[in-house]
Amino acid sequence: MSARIFSPAKTAMQSGKAKTGHWVLEFDPEMRKKIDPLMGYTTSGDMRSQIRLTFDTREEAVAYAQKEGLAYRVEEPKETKRRQISYAENFRYDRRTPWTH
């Protein structure tokens with residue numbers, strides 16, 4: 001049984017950084033998911049795929065995995081790159097493409 005420890009990124013619908021900064025421990029799936037032939041639902045017999053543990057720090061998540069004897073891997077969060085542009089850039093006279101309607 002192995003687990004993945006990661007810090008979730010903000011969703012595409014978020015403009016701020018709320019509900020980020022915590023660490024999550026998820027178990028890797030042990031069984032493949034299958035489609036129910038009658039209803040078409042996706043099902044799995046793997047109950048651990050439903051467990052999602054949250055921790056305040058990475059060290060707490062790693063300590064929990066070590067205490068429980070889990071094989072784990074830590075995925076570091078990617079650095080966010082913010083482009084600083086101003087509204088006035090839309091009206092510069094030396095734009096590559098002309099501004100028209």
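Arg52 comes out as partly exposed, with a relative accessible area of 47%, and its place is in strand E5, which covers residues 52-55. That's one spot in a predicted model of a protein chain with 1 helix and 6 strands. Below is a quick tour: overall layout first, then the core, then three residues worth clicking on in the viewer.

**Overall layout**

- If you walk along the sequence, the protein chain runs β-β-β-β-β-α-β.
- The radius of gyration is 22 Å, well over the 13 Å that the globule rule gives for 101 residues, so the protein chain is more spread out than a compact globule.
- Lined up on its principal axes, the set of C-alpha atoms fills a box of roughly 60 × 45 × 20 Å.
- Just so you have the contact picture too: take the contacts between residues at least 6 apart in sequence, and 53% of them join residues at least 24 apart.

**Surface and charge**

- Out of 101 residues, 17% count as buried.
- The protein chain exposes about 9,100 Å², and carbon and sulfur atoms supply 53% of that area.
- On the charge side, you've got 19 positive and 14 negative side chains, with the centres of the two sets 8 Å apart.

**The nonpolar core**

- The largest nonpolar core has 10 residues: Ala3, Ile5, Trp23, Leu25, Phe27, Phe55, Ala61, Val62, Ala65 and Leu70.
- Three elements give two or more residues to this core, namely strand E1 (2-6), strand E2 (23-27) and helix H1 (58-68).
- Ala3, one of the core residues, touches Leu25, Glu26, Phe27, Asp28, Ala71, Tyr72 and Arg73, once residues up to four places away in sequence are set aside.

**Back to Arg52**

- Skip the residues up to four places away in sequence, and Arg52 touches Phe6, Val24, Leu25 and Glu26.
- Arg52 and Phe27 sit 25 residues apart in sequence, yet their C-alpha atoms are 7.7 Å apart in space.
- Leu25, on that contact list, is also a member of the core.

**Arg58, in the helix**

- Arg58 is found in helix H1 and, at 30% relative accessibility, counts as partly exposed.
- Its contacts, leaving aside neighbours within four places in sequence, are Trp23, Val74 and Glu76.
- Trp23 belongs to the nonpolar core, and it's in contact with Arg58.
- Val74 is 16 residues from Arg58 in sequence, with 8.5 Å between their C-alpha atoms.

**Thr20, in a loop**

- Look for Thr20 in the loop between E1 and E2.
- With a relative accessibility of 26%, Thr20 counts as partly exposed.
- Setting aside neighbours within four places in sequence, Thr20 is in contact with Pro8, Ala9, Lys10 and Gln14.
- For Thr20 and Ala9, the separation is 11 residues in sequence and 6.4 Å in space, C-alpha to C-alpha.

Conventions
Residues are numbered from 1 along each chain as its sequence is written. This is a predicted model: local features need pLDDT of at least 70, side-chain atom pairs count only at pLDDT 80 or more; totals for chains, interfaces and linings use all residues. Side-chain values use heavy atoms; hydrogens and water are left out. A nonpolar core is a set of buried Ala, Val, Leu, Ile, Met, Phe, Trp, Tyr and Cys residues joined through side-chain atoms within 4.5 Å. Buried means under 20% relative accessible area, exposed over 50%, partly exposed in between (1.4 Å probe, protein chains only). Helices (H or I, at least four residues) and strands (E, at least two) are DSSP runs, numbered from the N terminus. Contact means heavy atoms within 4.5 Å. The radius of gyration is taken over C-alpha atoms; the globule rule is 2.2 Å times the number of residues to the power 0.38. Accessible areas come from the Shrake-Rupley method with a 1.4 Å probe; for residues, only the protein chains shown count as cover. Lys and Arg count as positive and Asp and Glu as negative; His and the chain ends are not counted. The place of a charge is taken as NZ of Lys, CZ of Arg, CG of Asp or CD of Glu.
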